[in-house]
Amino acid sequence: MKNLEFTLNATKRLEEAQKKTILNNNSNLESAHLVYSFLDSEDSLIPGVLEKIWVDLVLFKNRIQEKLDNLPKIANPSNVQISPELNQVIIKAEDIAKNMGDLYITEEHLFLALVDRAASLKDIFGESGID
């Protein structure tokens, strides 16, 4: 089977997550970086969806930022790697897209996969009523 491609917005979120990784001086692109990119972007659909299920976006974003602040830091990260967890999230997002009959991986597929596979964020998702 052919691997699916990402939509423009999904690609933007992954690029923003990578930039956040570098700005935060982290060596690994983690699930929290991707969630933060959804919350920090003006054109992401995810905040609107979360508001509809009564998620306190300010609190949720602050908890994700705390998670990012506690990640190991290195000086001048130049070779950012995708963490094993985020790699599993991306694989799950592709599976979700395929099962839905979609040709592209969207932000929504990525977020659903994060909820399903990002063990490092389970506590934050649970506190926010996302499950």
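Are Phe38 and Phe111 buried or exposed? In this predicted model, Phe38 is buried, and Phe111 is buried too. The two rings have their centres 5.9 Å apart. Their planes stand at 75°, so the pair counts as edge-to-face. Phe38 belongs to helix H2 and Phe111 to helix H6, so the pair ties together parts that are 73 residues apart in sequence. A search of the whole structure gives 3 aromatic pairs. One aromatic cluster is formed by Phe38, Phe60, Phe111 and Phe125.

The nonpolar core comes next. The largest such core holds 37 residues. Leu50, Phe60, Ile64, Phe111, Leu114 and Phe125 touch the most other members. Two or more residues each come from helix H1 (8-23), helix H2 (31-40), helix H3 (46-52), helix H4 (57-69), helix H5 (84-99), helix H6 (107-117) and helix H7 (122-127). Phe60 shows how such contacts are made up. Residues up to four places away in sequence are not counted here. Phe60 then touches Val35, Leu39, Leu50, Val55, Ile124, Phe125, Ser128 and Ile130. Phe60 and Phe125 are also both members of the aromatic cluster.

Helix H2 was examined along its length. Of its 10 residues, 9 are buried, so H2 is largely enclosed by the rest of the structure. The buried residues are Ser31, Ala32, His33, Leu34, Val35, Tyr36, Ser37, Phe38 and Leu39. Several of them take part in contacts described here. Val35 and Leu39 are touched by Phe60. Phe38 pairs with Phe111. Tyr36 has a charged partner: the charged end of Lys20 sits over its ring, 4.3 Å from the ring centre.

His33, another buried residue of H2, has a polar partner outside the helix. The side chain of His33 makes a polar contact with the side chain of Asn26, at 2.9 Å. Asn26 lies in the loop between H1 and strand E2 (28-29). Its relative accessibility is 2%, so Asn26 counts as buried despite its place in a loop. Beyond residues up to four places away in sequence, Asn26 touches Thr21, His33, Leu68, Leu71, Pro72, Lys73, Ile74, Pro77 and Val80.

Trp54 offers a contrast in burial. Trp54 also sits in a loop, the one between H3 and H4. At 78% relative accessibility, however, Trp54 counts as exposed, because the threshold for exposed is over 50%. The C-alpha atom of Trp54 is separated by 20 Å from that of Ala32. Along the chain, these two residues are 22 residues apart.

Charged residues were then considered. The whole structure contains 11 salt bridges. In one of them, the side chains of Arg13 and Asp43 meet at 2.8 Å, N to O. This pair links distant parts of the chain. Arg13 is in helix H1, Asp43 is in the loop between H2 and H3, and the two are 30 residues apart. Their burial is unlike: Arg13 has a relative accessible area of 0% and is buried, whereas Asp43, at 33% relative accessibility, counts as partly exposed.

Arg13 has a further partner in Glu107. Their side chains meet in a salt bridge of 3.5 Å, N to O. Glu107 lies in helix H6 and Arg13 in helix H1, so this pair ties together parts that are 94 residues apart in sequence. Both Glu107 and Arg13 are buried.

Glu107 itself counts as buried at 2% relative accessibility, because buried means under 20%. The side chain of Glu107 also makes a polar contact with the side chain of Ser44, at 2.5 Å. Leaving aside neighbours within four places in sequence, Glu107 is in contact with Thr7, Asn9, Ala10, Arg13, Phe38, Asp43, Ser44, Leu45 and Ile46. Phe38, from the aromatic cluster, is thus among the contacts of Glu107.

Another salt bridge joins Arg117 and Asp116, with the closest N and O atoms 3.0 Å apart. Arg117 is partly exposed, at 36% relative accessibility. Asp116 is partly exposed as well, with a relative accessible area of 40%. Elsewhere, salt bridges that share partners join Lys12, Arg13, Glu16, Asp43 and Glu107 into one network.

Methods: Residues are numbered from 1 along each chain as its sequence is written. This is a predicted model: local features need pLDDT of at least 70, side-chain atom pairs count only at pLDDT 80 or more; totals for chains, interfaces and linings use all residues. Side-chain values use heavy atoms; hydrogens and water are left out. A nonpolar core is a set of buried Ala, Val, Leu, Ile, Met, Phe, Trp, Tyr and Cys residues joined through side-chain atoms within 4.5 Å. Buried means under 20% relative accessible area, exposed over 50%, partly exposed in between (1.4 Å probe, protein chains only). Helices (H or I, at least four residues) and strands (E, at least two) are DSSP runs, numbered from the N terminus. Contact means heavy atoms within 4.5 Å. A polar contact is a pair of N or O atoms within 3.5 Å; within protein, one must be able to donate a hydrogen and the other to accept it, and residues adjacent in sequence count only if both atoms are side-chain atoms. Rings of Phe, Tyr and Trp (its six-membered ring) pair if their centres lie within 6.5 Å; planes under 30 degrees apart count as stacked, over 60 as edge-to-face and the rest as tilted. A charge sits over a ring if NZ of Lys or CZ of Arg is within 6 Å of the ring centre and within 35 degrees of the ring normal. A salt bridge is a side-chain nitrogen of Lys or Arg within 4 Å of a carboxyl oxygen of Asp or Glu.
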